[in-house]
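Colleague: I'm new to this one. Can you put it on screen and walk me through it?

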Amino acid sequence: MSKTLADTCGLHVVAQTPFLDDGTLDLESIDTLSAFYYRHGAEGLTVLGVSGEAQKLTVDETIAVAARYVSAADGHRIIAGVSHPNLATLVEVTAQIMAEGADAVMICPPAGIRTDEDLLRYFEAVYARIGDVPTVLQDFPAASGVVMSVPAIDRLISAFPQIGVIKEEDFPSPIKITRMRAELSRPVRILTGNNGQFLVQEMERGADGPMAGFSYPEMLSGVYDLMTAGKRAEAHDLFNRFLPLLKHEAQGQWGIALRKEMMRRRGALTSSALRGPGPKLIDIDLAELDFLISRMDLPEA
């Protein structure tokens, strides 16, 4: 049974899409990957995002990946990214993914939107076609090129009750979260991305948890737990312990290659491969990674 977005909080991992070394989908690894995320504190998953290489999948593959994550959810929330420059494709994928049992979709406005009126018209067109599907609004101008002001976001959440969560990835995110908490006309949940790089500050400003990927998701869930328990210093200490690797992974697609390699080493993935076009780690990359983690006190599994 689908979950609503009203109580969304805690870690929602931006999940990887597993591939085999030859670039074919590795659906079986979705099961082990899901178990890995849930074992380390994920309340739900966000699948088919930018970090999940959604842009490299066919429509049929997209549906297959979403369906496999749903089948492995074990009661956890599954949010599926459906952003696409072609509105017809977005609508088709949304319908099929929700029919497979996803709980919500995540939508980032497409490049080309320049004004608040453009933004409103775009989402009017979206919801005229997808109806009352629960939605995470992704505010990620570094990827989309679309800048959404706090007043513009307020217009959207006022017009479209389907939007229950904002994934905040604008810079500086702590300041924008502060403004949204003060100025939005109805309550929404705010989860944060940007690979979790500013999680402690975002939590201090009122975020409801991370929607981010990291090869040690237990750090993200642990920081959330400590911050919600009022243990600020301990949360910062835990965050700082993992910061060198967190920063190393926050390097676009190359960082995703590093993350997948770490999760292969931790037993969550069969292969660390990205689907081409994409980076492939070479010996010097692996040697740097080995040295970095040798300087850190990291858990084994």
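Colleague: Start with β5 and β6. In which sense do they pair, and over how many bridges?
Modeller: Parallel, over five bridges. Two strands count as paired if DSSP finds at least two bridges between them. Strands (E, at least two residues) and helices (H or I, at least four) are DSSP runs, numbered from the N terminus.

Colleague: Is this model predicted, and what are the ground rules?
Modeller: This is a predicted model: local features need pLDDT of at least 70, side-chain atom pairs count only at pLDDT 80 or more, and totals for chains, interfaces and linings use all residues. Residues are numbered from 1 along each chain as its sequence is written, and side-chain values use heavy atoms, with hydrogens and water left out.

Colleague: Back to the strands. What stands opposite Lys167 in β6?
Modeller: Gln138 does.

Colleague: And the whole sheet, what is its strand order?
Modeller: β1-β2-β3-β4-β5-β6-β7. The seven strands form an open sheet with parallel pairing. β1 (12–14) and β7 are the edges; each has a single partner strand, so one side of each has no neighbour in the sheet. On average, neighbouring strands are turned by 25° against each other, direction ignored.

Colleague: Which strands does α1 touch?
Modeller: Helix α1 (residues 27–39) packs on the sheet and touches β1, β2 (44–47) and β3 (77–81). Its direction makes about 135° with that of β2. Axes are lines fitted to C-alpha atoms, for helices over the stretch in contact, and angles run from 0 to 180 degrees between N-to-C directions. Contact means heavy atoms within 4.5 Å.

Colleague: Now α6. Which of its residues are buried?
Modeller: In α6 (residues 150–159), they are Val150, Ala152, Ile153, Asp154, Leu156 and Ile157. Buried means under 20% relative accessible area, exposed over 50%, partly exposed in between (1.4 Å probe, protein chains only).

Colleague: What covers them?
Modeller: The cover includes α4 (116–130), β5 (135–139), β6 (163–168) and α7 (173–183).

Colleague: And what happens at the start of α6?
Modeller: A side-chain oxygen of Ser149 comes to within 3.1 Å of the backbone nitrogen of Ala152.

Colleague: Which peptide bonds should I look at for cis geometry?
Modeller: Look at Phe171 to Pro172, which is cis with omega near -5°. Pro172 sits in the loop between β6 and α7. Gly276 to Pro277 is also cis, with omega near 0°. That proline, Pro277, is in the loop between α11 (252–265) and α12 (283–294). Most peptide bonds are trans, and most residues other than glycine have a negative phi.

Colleague: What is phi of Asn194, then?
Modeller: Near 50°, a positive value. Asn194 is in the loop between β7 (189–192) and α8 (199–204). With 6% relative accessibility, Asn194 is buried. Asn195 has a positive phi too, near 60°, and its place is in that loop between β7 and α8.

Colleague: New topic. Which residues lie nearest the centre of the largest pocket?
Modeller: Ala54, Val82, Ser83, His84 and Pro85, out of 26 lining residues. α3 gives the most to the lining, with three residues.

Colleague: Last one, Met227. Buried or exposed?
Modeller: Buried, at 15% relative accessible area. Met227 is in helix α9 (residues 217–228). Beyond neighbours within four places in sequence, Met227 is in contact with Val200, Met203, Glu204, Arg232 and Ala235.

Terms used: A polar contact is a pair of N or O atoms within 3.5 Å; within protein, one must be able to donate a hydrogen and the other to accept it, and residues adjacent in sequence count only if both atoms are side-chain atoms. On a 1 Å grid over the protein atoms alone, a cavity is a set of points where a 1.4 Å probe fits but cannot get out, and a pocket is an open set with protein on both sides within 12 Å along at least five of seven lines; lining residues have an atom within 4 Å of a point.
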